[in-house]
Structures are given as structure tokens and as C-alpha cells.
Amino acid sequence: MGIEIERKFLVTNDDWRAAAHAVIPMAQGYINDTAAMDSGAQKASVRVRIQGDAAYLNIKSRELGHTRQEFDYPIPVGDARDLLALCVGGLIDKRRHLVHHGGLLWEVDEFLGDNAGLVVAEVELQSADQAFDRPGWAGAEVTDELRYYNLALASHPYNRW
């Protein structure tokens with residue numbers, strides 16, 4: 001079983017851009033939506049993602065906080081395109097920028113489309129209590145705020161807040 005320990009922050013300025021060493025275009029959608037999760041009918045999100053020239057099927061448990069079960073499987077890009085057409089809610093379109101800071105890899109997601117204007121930084125940790133150097137551009141922590149989860153953004157995009 002895969003475990004993801006991740007912290008999420010709103011980005012307050014563009015200072016991270018100078019340190020970004022790669023950018024990955026991403027399109028993703030969900031087979032289920034927040035209603036299925038909120039009702040308890042499902043306990044995990046099922047995501048399809050195309051990132052660059054690769055594609056993945058991802059299953060992530062719904063647990064508030066920084067630690068969740070996560071399973072990620074590579075799939076053919078053609079299958080991912082077909083699955084994206086079956087997704088509920090809107091599709092997430094974003095650019096992921098990779099930034100090294102304080103010995104860790106930060107992923108800065110710059111959202112496009114209906115979520116344009118939202119920029120969120122995530123860092124994956126080895127343990128829930130791992131200390132890390134928080135960059136100056138990482139503002140308010142939103143790890144526990146469900147509306148910033150990509151699943152929620154697909155159903156309730158940032159431009160409707």
C-alpha cells in the first residue's frame with residue numbers, strides 16, 4: 001500500500017519561478033465526484049491524469065489531513081484520453097512547476113481554465129512530523145481545507161468561489 005504524506009500551501013508571490021527547473025502540463029479528471037465522497041458512497045477518489053507524455057490511473061483515500069493511502073498505475077495515454085471523456089465534473093488543467101527548496105522537491109501547481117488564478121504548492125514528506133524549511137512564497141497552509149483538493153476543484157472550480 002502506498003502512503004502519501006503531503007502538505008499544501010497557497011502561493012503568495014512569483015519568487016518560486018526563478019527556482020523552477022521543470023514544468024509539466026497536466027490534464028486530469030475524476031471518475032467520481034465530491035458528492036459520492038461526501039455521502040460516504042465512496043471512500044476514495046479515482047483520478048485519470050495525463051502529464052506530459054505519460055498517463056496514470058490514481059486512487060487516493062479520502063482522509064482529512066496530510067496522510068492518505070495512494071495507489072498510482074501507469075496506463076496508455078490513449079486509454080487516459082478515453083477515460084477523461086467519462087469523468088464527472090470539470091477537468092483540471094494545470095501546469096506543475098518543480099522547485100527544489102530546503103532539500104525537498106516542491107510542486108507548484110498553476111491552475112488554468114475554470115481554476116485560473118489559483119496557485120498551490122505541495123511538498124511530500126517522509127513522515128508526518130518531518131521538519132522542513134518553508135519557502136517565503138508558501139503562504140497559508142490549506143492541507144486540511146477540502147475545497148483546495150483537486151477533486152473538489154473539478155466540481156466547484158475556483159472561479160465560482
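Helices, of at least four residues, and strands, of at least two, are taken here as DSSP runs and numbered from the N terminus. In the predicted model examined here, the protein contains three helices and nine strands. Followed along the sequence, these elements occur in the order β-β-α-β-β-β-α-β-β-β-β-α. The radius of gyration is 15 Å, close to the 15 Å that the globule rule gives for 161 residues, so the protein is as compact as a globular protein of that length. The C-alpha trace extends over about 40 × 35 × 30 Å along its principal axes.

Several totals describe the chain as a whole. Of the 161 residues, 43% are buried. Among contacts with a sequence separation of 6 or more, 61% are made by residues 24 or more positions apart. The accessible surface amounts to about 8100 Å², and carbon and sulfur atoms account for 52% of this area.

The pairing of strands can be followed from β3 onwards. Strands β3 and β4 are antiparallel and are joined by eight bridges, with A44 standing opposite S61 in β4. These two strands form a hairpin with two residues between them, and in the turn G52 has a positive phi of about 65 degrees. Strand β4, which covers residues 54-61, also pairs with β5 in the antiparallel sense, here over five bridges. Within this second pairing, L57 lies opposite Y73 in β5, and K60 lies opposite E70 in β5. Strand β5, comprising residues 67-74, is in turn joined to β1 by three bridges, and the two strands run antiparallel. In that pairing I3 stands opposite Q69 in β5. Strand β5 thus has pairings with β4 and with β1.

The interior was examined next. The largest nonpolar core has 14 residues, of which V11, W16, W106, V108 and W137 touch the most other members. Strands β1 (3-11), β7 (104-111) and β8 (119-124) each contribute at least two residues to this core. Apart from this core lies another, of 11 residues, which include L118, V142, Y148 and L153. The surroundings of W16 illustrate the packing around one member of the larger group. With neighbours within four places in sequence set aside, W16 is in contact with V11, H97, V99, V108, E110, V119 and W137. Three of these partners, V11, V108 and W137, are themselves named among the core residues that touch the most other members.

Aromatic residues were also considered as pairs and clusters. A pair of aromatic rings is described by the distance of the centres and the angle of the planes. The model has six aromatic pairs by this rule. In one of them, the rings of Y158 and W161 have centres 5.0 Å apart and planes at 70 degrees; the pair is edge-to-face because this angle is over 60 degrees. Y158 has a relative accessibility of 29% and therefore counts as partly exposed, and W161, at 38%, likewise counts as partly exposed. One aromatic cluster is formed by F9, W106, F132 and W137. Of its members, W106 and W137 also appear in the largest nonpolar core.

Individual positions in the helices and in one loop complete the description. L83 belongs to helix α2, which spans residues 77-84. With a relative accessible area of 25%, L83 is partly exposed, because this value lies between the limits of 20% for buried and 50% for exposed residues. Its contacts, leaving aside neighbours within four places in sequence, are with I31, V48 and I75. The C-alpha atoms of L83 and V48 are separated by 6.9 Å, although the two residues are 35 residues apart along the chain.

S155 is located in helix α3, formed by residues 150-155. Its relative accessibility is 18%, and S155 therefore counts as buried, the limit being under 20%. Not counting residues up to four places away in sequence, S155 touches D33, T34 and R160.

The loop between α1 (34-38) and β3 (44-51) holds G40. G40 has a relative accessible area of 44% and is therefore partly exposed. A distance of 9.9 Å separates the C-alpha atoms of G40 and R62, which are 22 residues apart along the chain.

How values were computed
Residues numbered from 1 in each chain as written. Predicted model: local features only at pLDDT ≥ 70, side-chain atom pairs only at ≥ 80, totals over all residues. Heavy atoms only, no water. Buried < 20%, exposed > 50% of the residue type's maximum accessible area, 1.4 Å probe, protein only. Contact = heavy atoms within 4.5 Å. Core = buried A, V, L, I, M, F, W, Y, C linked by side-chain atoms within 4.5 Å. Phe/Tyr/Trp six-rings, centres within 6.5 Å; stacked < 30°, edge-to-face > 60°. Pairing = 2+ DSSP bridges. Rg over C-alpha atoms; globule rule 2.2 N^0.38 Å. Areas by Shrake-Rupley, 256 points an atom, 1.4 Å probe, with all protein chains shown as cover.
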